[in-house]
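Visitor: I would like to learn how to read a strand and its neighbours, and then a ligand site. Could we take them in turn?

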Amino acid sequence: MTTANLLDFDLEGLAAFCEKLGEKRFRATQLFRWIHQRGASDFAQMTDLAKSLREKLAGSARVEALPVLTQQESADGTIKWLFDVGDGNAVEAVFIPEDDRGTLCVSSQAGCAVGCRFCSTGHQGFSRNLSTGEIVAQLWFAEHFLRKHLKRDERVISNVVMMGMGEPLQNYAALVPALRTMLDDNAYGLSRRRVTVSTSGVVPMIDRLGADCPVALAVSLHAPNDALRDDLVPLNRKYPLVELLEACQRYLAHAPRDFITFEYCMLDGVNDQPEHARQLVELVRSQGISCKFNLIPFNPFPASGLLRSPQPRVLAFAKLLSEAGIVTTVRKTRGDDIDAACGQLAGDVRDRTNAAQRMAQRRTVVLHPARKKPAPSTAQER
Ligand code: SAH
Ligand code: SF4
């Protein structure tokens with residue numbers, strides 16, 4: 001008989017499971033606390049549960065973590081884990097300690113089908129969705145490992161960002177119970193403002209997330225017009241910029257924060273010119289959207305054929321946005337020495353989509369609007 005992995009359940013799901021075992025629903029709360037707050041995986045340890053229940057659980061359920069293939073610690077304290085998800089696939093999670101918080105960057109899929117040109121995961125292609133249990137297992141393992149490692153009794157991870165491998169809104173059914181577990185006071189008790197879903201722009205699912213489980217939203221913009229975004233983020237061909245921004249506007253009615261974060265990866269000569277900044281200002285103004293910009297230094301990898309924008313250009317871009325009244329930050333890169341930064345997460349993916357082949361074809365027909373027709377003022381910069 002196959003047993004249920006209890007990491008697959010949010011509290012509601014666990015209550016339903018307890019009912020099926022002929023137990024009262026409130027037993028689920030105790031069980032949920034043992035698993036998520038105390039990191040227990042052995043039912044025999046759960047001494048305040050009736051012995052009969054522990055026996056039933058032992059026969060029908062398990063708490064199964066993901067096997068850790070590697071763990072790397074950076075000089076700056078960042079830790080990256082590579083987890084085995086079977087069948088030759090692996091996903092990564094990254095812990096980023098800061099003075100006032102600890103952030104875990106979590107993966108949602110083995111690979112990614114969106115195929116953004118600047119993303120290492122995208123270049124790997126797509127293998128499969130992670131289950132709720134596989135998403136939660138990254139947090140479960142990291143939190144309880146870190147408490148031991150850092151000798152802390154209280155919570156170590158205060159923030160979760162769904163910015164690891166994969167497009168979370170293309171794995172919606174598994175994502176939502178995982179988010180609910182992160183938010184639940186009987187589990188990790190994270191505030192909605194401290195759980196961020198990052199998306200390349202799956203418009204219908206942005207609306208569903210707003211209705212089902214509103215958390216902080218980050219949208220990977222990367223381009224100020226459809227021609228360039230079609231090329232960098234192929235999903236734009238399906239959900240162009242105006243539709244995306246309208247969905248962001250609707251999301252704000254439900255969001256725990258009163259702004260959307262726009263991520264913008266700075267690619268040398270591609271999307272980093274003053275003209276692009278001006279177009280961005282116009283775009284967000286015309287939509288009247290309350291937003292912040294987070295400029296991400298591109299983390300290069302050879303197959304992308306792209307380069308990181310020089311720092312002065314990033315700062316000049318940030319200045320143009322700031323001067324137009326848009327709050328703009330430039331992201332610090334962390335964990336550089338262990339390839340733990342954004343977009344470097346590659347895991348090991350059995351590509352079922354021939355992405356590498358498609359990418360190679362795309363590169364030959366790629367448009368670089370900024371390169372083809374440099375504006376006079378920007379030509380000088382190079
Ligand atoms: N699929 C989601 C979440 C995972 S990617 C999304 O695209 O939003 C998380 C962030 O890393 C996104 O903003 C993505 O654009 C960015 N990113 C991807 N590749 C990168 C790279 N090579 N350098 C810097 N940032 C990158
Ligand atoms: Fe997928 Fe996000 Fe990478 Fe694009 S940036 S390929 S959506 S993981």
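**A hairpin, a strand and a ligand shell**

Guide: In this predicted model, the hairpin of β4 and β5 has five residues between the strands, and within that hairpin G86 takes a positive phi near 85 degrees.

Visitor: How many bridges join strand β4 to β5, and do the two run parallel or antiparallel?

Guide: Strand β4, residues 79–84, is joined to β5 by six bridges, and the two run antiparallel; to find one register point, look at W81, whose bridge partner in β5 is A93.

Visitor: What joins β5 to β6?

Guide: A hairpin with two residues makes that link, and β5 pairs with strand β6, residues 101–105, in the antiparallel sense over five bridges, with E98 standing opposite R101 in β6.

Visitor: Is strand β5 mostly covered or uncovered?

Guide: In a regular strand the side chains alternate between the two faces of the sheet. Here β5, residues 90–98, is mostly covered, seven of its nine residues being buried.

Visitor: Turning to the ligand, how many residues surround ligand 1, and which are the closest?

Guide: The shell has 20 residues, of which F118, S198, S220, H222 and N299 are the closest; by class, they divide into nine nonpolar, nine polar and two charged. Strands β10, β12 and β13 each supply at least two residues of this shell.

Visitor: Which atom of S198 should I look at beside ligand 1?

Guide: An N or O atom in the S198 side chain is 2.7 Å from an oxygen atom of ligand 1, while a backbone N or O atom of G166 lies 2.9 Å from a ligand nitrogen atom. The protein covers 96% of the 530 Å² of accessible area that ligand 1 has on its own.

Key:
Residues are numbered from 1 along each chain as its sequence is written. Chains are lettered from A and ligands numbered from 1 in the order in which they are written. This is a predicted model: local features need pLDDT of at least 70, side-chain atom pairs count only at pLDDT 80 or more; totals for chains, interfaces and linings use all residues. Side-chain values use heavy atoms; hydrogens and water are left out. A residue is near a molecule or strand if one of its heavy atoms lies within 4 Å of it. A polar contact is a pair of N or O atoms within 3.5 Å; within protein, one must be able to donate a hydrogen and the other to accept it, and residues adjacent in sequence count only if both atoms are side-chain atoms. Accessible areas come from the Shrake-Rupley method with a 1.4 Å probe; for residues, only the protein chains shown count as cover. Helices (H or I, at least four residues) and strands (E, at least two) are DSSP runs, numbered from the N terminus. Ala, Val, Leu, Ile, Met, Phe, Trp, Tyr, Cys and Pro count as nonpolar, Asp, Glu, Lys and Arg as charged, and the others, Gly among them, as polar. Buried means under 20% relative accessible area, exposed over 50%, partly exposed in between (1.4 Å probe, protein chains only). Two strands pair if DSSP finds at least two bridges between them.
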